[in-house]
Structures are given as structure tokens and as C-alpha cells.
Amino acid sequence: MTSTGRIDVARCGACGCLSDLGRARCPHCWDDDLHATSVASRGAVYTYTVVHRNDTPEFRDLTPYAVVAVDLDEGWRVVARLEGDPKGVAVGAAVDVAAVHGPDESLGYVAHLAI
Ligand SMILES: [Zn+2]
């Protein structure tokens with residue numbers, strides 16, 4: 001996987017809300033004035049779960065790992081796999097998130113506990 005080091009989103013020119021790239025209209029105000037932008041990758045864990053078993057070949061050897069929902073500081077929420085020991089994760093913990101592309105160019109996110 002390769003990291004892009006930033007989180008790409010769409011910002012609505014009418015209301016300023018963030019949404020996924022690729023949408024035709026803002027999901028908040030339904031305006032079509034959407035522009036690609038990027039947001040800071042720092043945020044806080046909103047919630048998480050720890051995966052102890054995953055039979056998918058790419059993840060089988062990574063267990064146990066945490067999957068975290070992260071509220072980014074600029075107002076966007078992403079779901080990411082937390083790299084490292086899941087024992088250190090907690091609701092509210094500061095994390096850094098990076099977008100990663102797998103070998104098939106699929107987009108995902110990984111998070112690290114902030115120091
Ligand atoms: Zn809008």
C-alpha cells in the first residue's frame with residue numbers, strides 16, 4: 001500500500017460542508033458547487049472495535065487490530081485500520097490518518113496514535 005499523506009474530500013461552495021469525492025451534489029444542501037480539496041489528517045477516535053479474526057488474506061496476519069472511526073479536526077469522519085497495538089486505543093484518543101491505495105487502487109485509511 002502507498003500513502004497519499006492527505007485526506008481528499010469535496011467541499012461545498014454553497015454551505016461549506018465536506019463530503020465524499022465523486023458526488024454530483026452536496027448531501028447537506030443539494031447544491032452542485034462541489035470542489036476537490038484536502039483536509040488535515042489529525043483527529044480523534046469517535047469509536048472503535050478490535051478485530052480478532054479476519055480470514056481475508058490481506059488482513060489475516062494483522063489480527064488483532066483496531067478499526068477506528070475518526071472525527072478529523074476539520075469536520076470529516078473516516079473509518080480506518082489502526083496500525084500498532086490495539087490496547088492503546090480509546091475513545092477520544094488523538095490519531096493521525098493517512099489515505100492508502102491498495103494494489104488494486106482501492107482507497108482505504110490507516111491511523112496511528114498521535115504522540
Ligand atoms: Zn452544501
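The secondary structure of this protein chain, which we are looking at as a predicted model, comes to one helix and nine strands. If you read along the sequence, the elements follow the pattern β-β-β-β-β-α-β-β-β-β. As for overall dimensions, the C-alpha trace spans about 45 × 30 × 20 Å along its principal axes. Of the 115 residues in the chain, 20% are buried, and among the contacts with a separation of 6 or more, 48% are made by residues 24 or more positions apart.

Let me turn now to one sheet. Three strands form an open sheet in the order β3-β2-β4, and the pairing is antiparallel. The edge strands here are β3 and β4, each of which pairs on one side only. As general background, strands of a sheet pair through backbone hydrogen bonds, and they may do so in a parallel or an antiparallel way.

How many bridges hold β2 and β4 in their antiparallel pairing? Strand β2, which covers residues 7-12, and strand β4, which covers residues 34-39, pair over six bridges. To follow this pairing on the structure in front of you, you can look for Cys-12, which stands opposite Leu-34 in β4, and then for Ala-10, which stands opposite Ala-36 in β4.

On the other pairing, β2 is joined by two bridges to strand β3, residues 18-19, and these two strands also run antiparallel. Here the pair to look for is Arg-11 and, opposite to it in β3, Leu-18. Strands β2 and β3 form a hairpin with five residues between them, and in the turn you will find Gly-16, which has a positive phi of about 85 degrees.

I would like to finish with a single residue, Leu-72, which is found in strand β6, residues 65-72. Is Leu-72 buried or exposed, or something in between? Leu-72 counts as partly exposed because 19 other C-beta atoms lie within 10 Å, whereas a residue is called buried at 20 or more.

Which residues does Leu-72 touch, if we leave out those up to four places away in sequence? The list consists of Ile-7, Val-39, Ala-40, Gly-43, Arg-77, Val-78 and Val-97. Two of these names bring us back to the sheet, since Ile-7 falls within the residues of β2 and Val-39 within those of β4. By way of contrast in position, Pro-86 is 14 residues from Leu-72 along the chain, and the C-alpha atoms of the two are separated by 20 Å.

Technical notes:
Residues numbered from 1 in each chain as written. Predicted model: local features only at pLDDT ≥ 70, side-chain atom pairs only at ≥ 80, totals over all residues. Pairing = 2+ DSSP bridges. Helix = DSSP H or I, 4+ residues; strand = E, 2+ residues; numbered from the N terminus. Buried ≥ 20, exposed ≤ 12 C-beta atoms within 10 Å, placed from the backbone. Contact = placed C-beta atoms within 7 Å.
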